[in-house]
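Student: I'm new to this one and would like a close look at a single part. Could you pick a spot, walk me through what surrounds it, and then work outwards from there?

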Amino acid sequence: MSSTRFRPAMRPSAFAGIDGLEPGKGTSHVPLLLKFAAFGIFFFPSNMVLKPLGAVGTLPLIIALLLLAVWVCSVLFGLTNPLENRHPGRMGFVLLWVGTCASYAAMYSGYTGGSESPARAAADRWLILLLASAGIILVTAEAVRTLNAAIALTRALLAGAAFCCLVAVVQFFFRVDPMQWLQMAMPGFTNNGGNTAFQIRGAMMRVSGSTFHSIELAVICSMLLPLSIWRSLYDVKGRKWVHWTITALLVFAIASTVSRSGILGLLAGMAVFIPFLPRMARRWAFIAAPAIVAALFLGVPGLVGTLTASLTAGDNDPSITTRTNNYPRVAAMVEERPFFGVGPGNYMPSNAIHILDNQYLNATVTIGLVGLVGLIAYLTLPGLSTLLAARASRIPALRCLAGAVAAAGIVAAVCSFTFDSMSFPVFALTYPFIVGLAGGAWNMVRREIQLKEPGEAPHHEPPERPSTTQPLPKEGSWTP
């Protein structure tokens, strides 16, 4: 790897923001509440709610709302400058929020039809979900200012994902759902339903881990797989075999769901991420891919055959025909209320075959074309902007992080065509962490570029810094 030296020609505060890119420099401090939220999304069952609060009374949602309250208080007391850590992902969320509020106001005013109690409750739940997402996005982007902080938060996120995958392993091999034991250990909470732990596809039993559905598990694992590889390459804490075991668990979870969405997400994520890997890691990736397929084929008889049959089913698959048969009905609903839809969260079909397994179609029906623009921005801007940041960075670990986050964002955007992603609670609260990490990576790359640009040197210019090609303490080789 080449060595690049940056002279601190910017003001001292700008250089301080990039210190964490050097060996042993910068802070890895991430608020404990944020790490607890990242782990809790996967650990606490999202079907268990506090009865007085209803569907919004899940522990992950409550913790995310608490994050928003903490952020607001820090702004009010002058501890945080909300304009300091701007990034494209936050703009995408703002556009979604504006579109949602427009649809919400149109529903309450009667412009888009009747506003009955169930409709208002569904709209309120959607707004509360967006507020919780805002808390995660804002606090994550504020906390992730260095690569060490990104590593610290990623550890918590992947610890939760590892727990989810271990639950999926138990479900897959033993046909037992450990989440039921956890539910019994939550006094004061009631089961609100909606989760599907097991589902038969062909000769295999699909599992969902601690998520609501096997498709949700597959997409989330596809999103987090690039981040797990990045962490395995650069994290000097813990044992390497543990890091790579978590990566292997994510791959197994994707396969165990027998999900086309998971395979689509895996292919899209790896296509984006692999070019940003270090050269030796890219070579290992091409060697590991066929080895992993062979291991799955030998270790789980019938898995590859069932997955292949699912991928080649075409129009003979009822799940595909159900999606396509809904298109004329969606077109009629959009024609009736094109701009603001029927109201946020207000598409509640009584028949399962009318469920829209497409988040973009769901948004068009519920929040209209105005809201659809915001949703597209929310799901695409973080991934695309971080992809540009990855191309601009020359610091290997930062470049790889930005590539991993970009891959996660693009997986979310692509797979939202194949299932109504924002209707699933674990995905809906995991994706804001990706948006926040995208903001952190974007701002780190921006500071890197600023430090390379010539500028007016301070009066007492410090000596040249050591090489920034190794952003984290190097205590061992990352080569698997």
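Tutor: Happy to. Let's start with Asp 420, which sits in the loop between α17 and α18 (425-452). Keep in mind as we go that this is a predicted model.

Is Asp 420 buried or exposed? Its relative accessibility is 8%, and buried means under 20%, so Asp 420 counts as buried. Now for its company. Leaving out residues up to four places away in sequence, Asp 420 touches Ile 355, Leu 356, Asp 357, Asn 358, Gln 359 and Asn 362. Take Leu 356 from that list: Asp 420 and Leu 356 are 64 residues apart along the chain, yet their C-alpha atoms are separated by 6.6 Å.

Two of those partners, Gln 359 and Asn 362, lead us straight into a helix, since both are among the buried residues of α15. The others buried there are Tyr 360, Ala 363, Thr 364, Val 365 and Thr 366. Because 7 of the 8 residues of α15 (residues 359-366) are buried, this helix is largely enclosed by the rest of the structure. What does the covering? The cover over the buried residues of α15 includes α4 (88-109), α5 (117-143), α14 (327-336), α16 (368-392) and α17 (396-415). And α17 is one of the two helices that flank the loop of Asp 420.

Let's step back for a moment. The protein has 18 helices and 4 strands, and buried residues make up 53% of its 480 residues. The link from Asp 420 to Leu 356 spans 64 positions, and such reach fits a wider count: among contacts with a separation of 6 or more, 79% join residues 24 or more positions apart.

Next, the nonpolar interior. In soluble globular proteins, nonpolar side chains tend to be buried together. Here the largest nonpolar core holds 111 residues, and Leu 224, Trp 230 and Phe 427 touch the most other members. Helix α6 (residues 147-174) gives the most to this core, with 15 residues. Trp 230 is a good one to click on: setting aside neighbours within four places in sequence, it is in contact with Leu 147, Ala 150, Ile 151, Thr 154, Phe 273, Ala 397, Cys 400, Leu 401 and Ala 404.

Now try Leu 217, in helix α8 (residues 214-234). At 0% relative accessibility, Leu 217 counts as buried. With neighbours within four places in sequence left aside, Leu 217 is in contact with Cys 164, Ala 168, Val 207, Ser 208, Gly 209, Thr 211, Ala 253 and Thr 257. For a sense of distance, Leu 217 and Ser 261 are 44 residues apart in sequence and 10.0 Å apart in space, C-alpha to C-alpha.

Cys 164, one of the partners of Leu 217, is buried too, at 2% relative accessibility. Why is there no bond between Cys 164 and Cys 165? The sulfur of Cys 164 is 5.5 Å from the one in Cys 165, its closest cysteine sulfur, and that is too far for a bond. The count for the structure comes to 0 disulfides.

Moving on to helix α9 (residues 240-256), we find Ile 254. Ile 254 has 2% relative accessibility, so it counts as buried. Apart from residues up to four places away in sequence, Ile 254 touches Ala 218, Cys 221, Ser 222, Gly 262 and Leu 266. Also, the C-alpha atoms of Ile 254 and Gly 265, 11 residues apart along the chain, are separated by 9.4 Å.

Just past that helix comes a backbone detail. Most residues other than glycine have a negative phi. Val 258, however, has a positive phi of about 50° although it is not a glycine. Val 258 lies in the loop between α9 and α10 (260-273) and is buried, with a relative accessible area of 0%. Arg 175 also has a positive phi, near 55°; this residue lies in the loop between α6 and α7 (179-184). At 45% relative accessibility, Arg 175 counts as partly exposed.

One last stop: the empty spaces. A search of the whole structure finds 3 cavities of 30 Å³ or more. The second largest cavity has a volume of about 70 Å³. Of the 13 residues that line it, the closest to its centre are Asn 47, Met 179, Asn 195, Ser 210 and Thr 211. The lining divides into 4 nonpolar, 8 polar and 1 charged. You've met Thr 211 already, as a contact of Leu 217.

Methods. Residues numbered from 1 in each chain as written. Predicted model: local features only at pLDDT ≥ 70, side-chain atom pairs only at ≥ 80, totals over all residues. Heavy atoms only, no water. 1 Å grid on protein atoms, 1.4 Å probe; cavity = no way out; pocket = protein on both sides within 12 Å on 5 of 7 lines; lining within 4 Å. Points joined across faces, edges and corners; volume = space filled by probe spheres on them. Nonpolar A, V, L, I, M, F, W, Y, C, P; charged D, E, K, R; others polar. Core = buried A, V, L, I, M, F, W, Y, C linked by side-chain atoms within 4.5 Å. Buried < 20%, exposed > 50% of the residue type's maximum accessible area, 1.4 Å probe, protein only. Contact = heavy atoms within 4.5 Å. Disulfide = S-S within 2.5 Å.
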